Structures are given as structure tokens and as C-alpha cells.
Amino acid sequence: MATPLIELCPNYYWKKQCTVECQRLHLCLQFALTSECLYGQRCIFLHRFNISHNEKVLASTIFAGQSSRVPEFLRNNRTQCTIPRVCKNYENRRPCDFQYECKFLHICPSSLINNCVRCQRFGCHDIKLDAANGSPNLNVLQKFGFDCSLSSLEILKELQRMHEELQTRLTIKQAEKGSLVNDLAQDFEEQIDINRRYQSDNRRLQTKVKTVEERERMRQLKLRDFTDCRICCEEREEWSAIDPCGHALCTECITYIIECPFCRTPVDKTLRLF
């Protein structure tokens, strides 16, 4: 069975509230499945496709301008919202407050999944019981668009088929989700590995930059030994050498010394260098 291209909003029908950004139809369940409603104008849910929200939802599907095809499609592509459920109170063997007006089936839950051999826990195994028998089953089947002229066994078989197909779709969807999660996890690990390599390369580059900067600093210091006077510590252009040791000082400072500041050799005379 093909994946539904359009669905009814379960929050709208079961909780009577939904967000504006919802991408599902806001309609009465029975009207959406059968184009009719037992309650008519007394129904509290919408019976119109031509409201802004529903038109916006239909516009993004193959049913744009063809709302008459929607009920048949919804009947042939059942979802969790369009398959009858068993009443929770009845399932837990508690009294149901709504009785025959309940929106859910009063039947053994196992009957909807497989052929129950009339277990002793639940009294009802007939899905076609009506309000005269104190059961909402017939009304619920009509609301969900089932052909009530079929026998109870045929309706149960149809429900079992719907549950099997729905479970198959959910399993496939879960597998696809798991595959997507695995792909995202793999991409995340690859990104982490890339970041680690980048950080390692960045650290090596920073180390090289520091090494180059340190070498340049040392080179500048060595240059200062040749360009800065050891007495005044200023860069000079005119230099003179001490005779006899040969150490050099700026021409201005060398006139005030009587011995070499480097080796303490007495100054005999000075020689102009440049």
C-alpha cells in the first residue's frame, strides 16, 4: 500500500486543538472518510475542504482542486487516526462513562490483531453490536467509513489487515529513521575527525610560526650587537675601533673612555671605521 500523501490531524479530532503550522487536514473524521456525518450541523468538527488551512494542505498534494477524491484515498490508506481503537476503559475492564455513545470500540483487543478464541476476560467478540445492545461498535464502524453490510468476521479480517499494513509502514518508517540516524552519526564522527585533524595541523602551524618569530627576534638581537653602541645603547652611524683590542664603539662615546668596556684593555688610540 502506498504511503499516504495526505492525512487527517489526530490532534484536531481527538484533542480538539492543533497548531496553525499543521500539515494535516482539519476535518470531521466521518465526513473525511464518507463525505457524510450522522450529526449533520450539530457536529462540532469542520465539514468543509474550502477553508484556508485545508486548502493550503491540499495545494501541496496531488489533490489540489480535487477534494472529492480525498475520502476514497483516506479509506484506502488508513493511518493511526483513521483506524478504530479499542476503548481504554473497556480494555482495562472499567465502566465506560459514554456507553453506546463512546468513540471507541467495545470489543476484545485481540480480535483486532488476530483471531481470538472468545477469551473469558472480555465479554464482547461481536464487532457489529449496536446501541440497542449497549455497545457503540456499529456507530464507530459507520463513523470510520466501514461497510456495515459485511459480516462481523469480514469486518474483523479487514481491521486485522489494516493493522498489519499500518505496522508494516511504521516498521519501515522506523528503519528509515534508524538509517538516517546512523548516517547522521557517521557524518558527525567524520566531522569530529576533520576538526581534530584541523586542530592538530593548526597547533603544528602555530608552533612553526612561534619558531620563526623566535628566530627573527634572535636575529634582531644579534643585529643590535652590531648597530647599537654598548655604552649609550643607541643605534649610531659613526663608529670607531679601540687600538689595540679592536672592539668598536660609537665615535661619540669612545672619546670618554680610557679602557675598553669589553676586555678592559687600556686605550692607546682610536681608529675611525665609518
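**Exercise 1. Is cysteine 28 buried or exposed?** Then determine how many disulfides the structure holds.

*Solution.* The model examined here is a predicted one. Begin with the surroundings of the residue: cysteine 28 has a relative accessible area of 3%, and because buried means under 20%, cysteine 28 is buried. Next, count the disulfides, of which the structure holds zero. To see how this applies to cysteine 28, look for the nearest cysteine sulfur, which belongs to cysteine 43 and is 3.8 Å away. A disulfide calls for sulfur atoms within 2.5 Å, and cysteine 28 is in no disulfide. As a last step, turn to cysteine 232, whose relative accessibility of 23% places it in the partly exposed class.

**Exercise 2. Find how many salt bridges the whole structure has, and describe the one between arginine 24 and glutamate 7.**

*Solution.* Recall first that side chains of opposite charge can pair when their charged atoms come close. A search of the whole structure finds eight salt bridges. In the one between arginine 24 and glutamate 7, the closest N and O atoms are 3.5 Å apart. Now place the two partners along the chain: arginine 24 sits in the loop between helix H1 (10–15) and helix H2 (29–34), while glutamate 7 belongs to the segment before H1, so that the pair, 17 residues apart, links distant parts of the chain. Finally, consider accessibility: arginine 24, at 34%, counts as partly exposed, and glutamate 7, at 24%, also counts as partly exposed.

**Exercise 3. Work out how far apart glutamate 158 and arginine 161 are in helix H7, and which residues are linked with them in a network.**

*Solution.* Start with the contact, a salt bridge in which the side chains of glutamate 158 and arginine 161 meet at 2.3 Å, N to O. Both residues lie in helix H7 (residues 152–227), and because they are three residues apart there, about one helical turn separates them. Glutamate 158 is partly exposed, with a relative accessible area of 27%, and arginine 161 is partly exposed as well, with 33%. Widening the view, a network of salt bridges links Glu158, Arg161 and Glu165.

**Exercise 4. Compare the accessibility classes of glutamate 259 and arginine 264.**

*Solution.* These residues form a salt bridge, with 3.3 Å between the closest N and O atoms. Glutamate 259 has a relative accessibility of 35% and counts as partly exposed, whereas arginine 264, at 54%, counts as exposed.

**Exercise 5. Describe the largest nonpolar core and the helices that supply it.**

*Solution.* In soluble globular proteins, nonpolar side chains tend to be buried together. Here the largest nonpolar core has 41 residues, and those with the most contacts inside it are Ile6, Leu8, Leu25, Leu112, Ile127 and Leu159. At least two residues of this core come from each of H1, H2, helix H3 (52–59), helix H4 (70–76), helix H6 (137–143) and H7. The largest share, five residues, is that of H7.

**Exercise 6. Describe the largest pocket by its volume and by the classes of its lining residues.**

*Solution.* The largest pocket contains about 680 Å³ of space. It is lined by 29 residues, and the closest to its centre are Tyr13, Glu101, Cys102, Lys103 and Phe104. Sorted by class, the lining of this pocket consists of 17 nonpolar, three polar and nine charged residues. Helix H5 (residues 88–91) gives the largest share of the lining, three residues.

Key. Residues numbered from 1 in each chain as written. Predicted model: local features only at pLDDT ≥ 70, side-chain atom pairs only at ≥ 80, totals over all residues. Heavy atoms only, no water. 1 Å grid on protein atoms, 1.4 Å probe; cavity = no way out; pocket = protein on both sides within 12 Å on 5 of 7 lines; lining within 4 Å. Points joined across faces, edges and corners; volume = space filled by probe spheres on them. Helix = DSSP H or I, 4+ residues; strand = E, 2+ residues; numbered from the N terminus. Nonpolar A, V, L, I, M, F, W, Y, C, P; charged D, E, K, R; others polar. Buried < 20%, exposed > 50% of the residue type's maximum accessible area, 1.4 Å probe, protein only. Salt bridge = Lys/Arg side-chain N within 4 Å of Asp/Glu carboxyl O. Core = buried A, V, L, I, M, F, W, Y, C linked by side-chain atoms within 4.5 Å.
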